[in-house]
Amino acid sequence: MKTATPAMARAINDRLALDLLLERGPLTAPQLREITGLSRPTVSDLVERLRSAGLIEVTGESGEDRRGPNARVYGLVADRAHVAGVDIRWTGLRVTVADLTGREVGTAVRGPSEDLHEAITTAVAQAAGGRRLQAVVIGSPGLVHPETSALTSDYRVRGWHPGLLGELRRSLGVQVVLENETNLAAIAEHRQGSARGVADFVLMWLDDGVGGAIVLGGKLRRGMSGGAGEIGTLDLGMHDPTLCRAVEVAVEDGKGLAERIARGVFAVVAVLDPGLVVLGGRIGREGGEELAALVEEQVALRSPAPTRVRPSTVEGNAVLQGAVLTALDLARDEVFG
């Protein structure tokens, strides 16, 4: 069996330290040694390498509750790279730009436009504020092919046309990735919301339309053509206008709404048995724990498989959050190695 070369071992240790600084914030060299179990010389070498590469910097000092000189505290160089997330809707688009730590540094909003290329490039430039971007991730309604990234079903997204993704890559001059909006919301839910720490769950998206996303074994599942989780295509009686009246319907006829949602949830549970279903989108958030409890009760009447139903707890725009998180994954792999 081959053993790791010294260069590979250094790369592994460097990435470990960078990931710890992302997860826990600034740390001292002694703290890095304690957490990683690496030796003093190894940590000293990796700190010097990362500082020389412009990836970490001294952010302060810590007394470490001991006598002698204070220990330097090291943190990531946040502006080493920036990314953008884009959320395309029928009503327009929103952009968020974040630094390498995920901190939001710029936003932009544009109304609907027939020239989607111009709208996206202008909004991204405005949100970036002159910062160079490392990656851009776009969330859109429709089926996105997992291999070609083509929008195979655009759901009448205004201004979308074949070849737009390539045009955006050339205009922006960076890596541009397209993903289904509900899939991105599921990524945000898995990292920051009700599904945090859960390996298997389904996100049911209840907003202007009905959709879904599937996470199994901790990984987003897209299917052969990008259609995994598209529960809105089933004839479940969930497309009448009252479904999109969120709070009004939940107050007037909570059980009626829950029964319709439960039909869709049961269809997923009967096939996948995910154990957890998260209700996302405007209706899922505004219905809250009360609506989720009603749906869980209705699902239990239909299914022998125990299934928890929870409302989304992602703060703000879940699609944008997922787009930024995905872009950060791409940027960190590129910058950190």
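This report describes the cores, the pocket, the cavity and some single residues of a predicted model.

## Overall make-up

The protein chain contains nine helices and 15 strands. Of its 337 residues, 49% are buried. Among contacts between residues at least 6 apart in sequence, 62% join residues at least 24 apart.

## Nonpolar cores

In soluble globular proteins, nonpolar side chains tend to be buried together. The largest nonpolar core in this model has 28 residues, and Val-83, Ala-186, Phe-201 and Leu-203 have the most contacts inside it. At least two residues of this core come from each of strand E7 (133-140), helix H6 (181-192), strand E11 (201-206), strand E12 (210-216), strand E14 (276-280) and helix H9 (318-336). The most is given by H9, which supplies eight residues. The core lies between domain 2 (82-183 + 317-336) and domain 3 (194-311), because both give residues to it.

Contacts of Ala-186 illustrate how this core is put together. Leaving aside residues up to four places away in sequence, Ala-186 touches Phe-201, Leu-203, Ala-213, Val-215 and Leu-220. Another core, of 27 residues, lies apart from the largest one; among its members are Ala-108, Ala-123, Leu-168 and Val-176.

Val-176 also appears in a pairing with Gly-166: the two are ten residues apart in sequence, and their C-alpha atoms are 8.4 Å apart in space. Gly-166 is placed in helix H5 (residues 164-172). Its relative accessibility is 24%, so Gly-166 counts as partly exposed.

## Pocket and cavity

Rolling a probe the size of a water molecule over the atoms shows where empty space is left. The largest pocket has a volume of about 510 Å³. Its lining consists of 18 residues, and those nearest its centre are Gly-102, Gln-192, Gln-321, Leu-325 and Leu-328. Helix H1 (6-24), strand E5 (92-99), H6 and H9 are the elements that give two or more residues to this lining. H9 gives the most here, with six residues. H9 is also the element that gives the most to the largest nonpolar core. By residue type, the pocket lining divides into six nonpolar, six polar and six charged residues.

A search of the whole structure finds one cavity of 30 Å³ or more. The volume of the largest cavity is about 60 Å³. Residues lining this cavity include Ile-88, Arg-89, Trp-90, Gly-92, Leu-93, Val-157 and Arg-158. Also in the lining are Gly-111, Pro-112, Ser-113, Leu-116 and Ala-119. Strand E4 (82-89), E5 and helix H4 (116-128) each supply at least two residues of the cavity lining. That lining divides into seven nonpolar, three polar and two charged residues.

## Thr-96 in strand E5

Strand E5 contains Thr-96. At 11% relative accessibility, Thr-96 counts as buried, since the cut-off for buried is under 20%. Thr-96 and Gln-321 are 225 residues apart in sequence, yet 8.5 Å apart in space from C-alpha to C-alpha. Gln-321 is one of the residues nearest the centre of the largest pocket.

When residues up to four places away in sequence are not counted, Thr-96 touches Val-83, Ala-84, Gly-85, Glu-104, Gly-106, Thr-107, Leu-320 and Val-324. One of these, Val-83, is among the residues with the most contacts inside the largest nonpolar core.

## Residues with positive phi

Most residues other than glycine have a negative phi, and most peptide bonds are trans. Ser-149 has a positive phi although it is not a glycine. Asp-273 likewise has a positive phi and is a residue other than glycine. Ser-149 is placed in the loop between strand E8 (143-144) and strand E9 (151-153). The place of Asp-273 is in the loop between helix H7 (246-272) and E14. With a relative accessible area of 18%, Ser-149 is buried, whereas Asp-273 is partly exposed at 45% relative accessibility. The values for both residues are set out below.

| Residue | Phi | Relative accessibility |
|---|---|---|
| Ser-149 | about 65 degrees | 18%, buried |
| Asp-273 | near 50 degrees | 45%, partly exposed |

Technical notes
Residues numbered from 1 in each chain as written. Predicted model: local features only at pLDDT ≥ 70, side-chain atom pairs only at ≥ 80, totals over all residues. Heavy atoms only, no water. Core = buried A, V, L, I, M, F, W, Y, C linked by side-chain atoms within 4.5 Å. Buried < 20%, exposed > 50% of the residue type's maximum accessible area, 1.4 Å probe, protein only. Helix = DSSP H or I, 4+ residues; strand = E, 2+ residues; numbered from the N terminus. Domains from an automatic or database assignment. Contact = heavy atoms within 4.5 Å. 1 Å grid on protein atoms, 1.4 Å probe; cavity = no way out; pocket = protein on both sides within 12 Å on 5 of 7 lines; lining within 4 Å. Points joined across faces, edges and corners; volume = space filled by probe spheres on them. Nonpolar A, V, L, I, M, F, W, Y, C, P; charged D, E, K, R; others polar.
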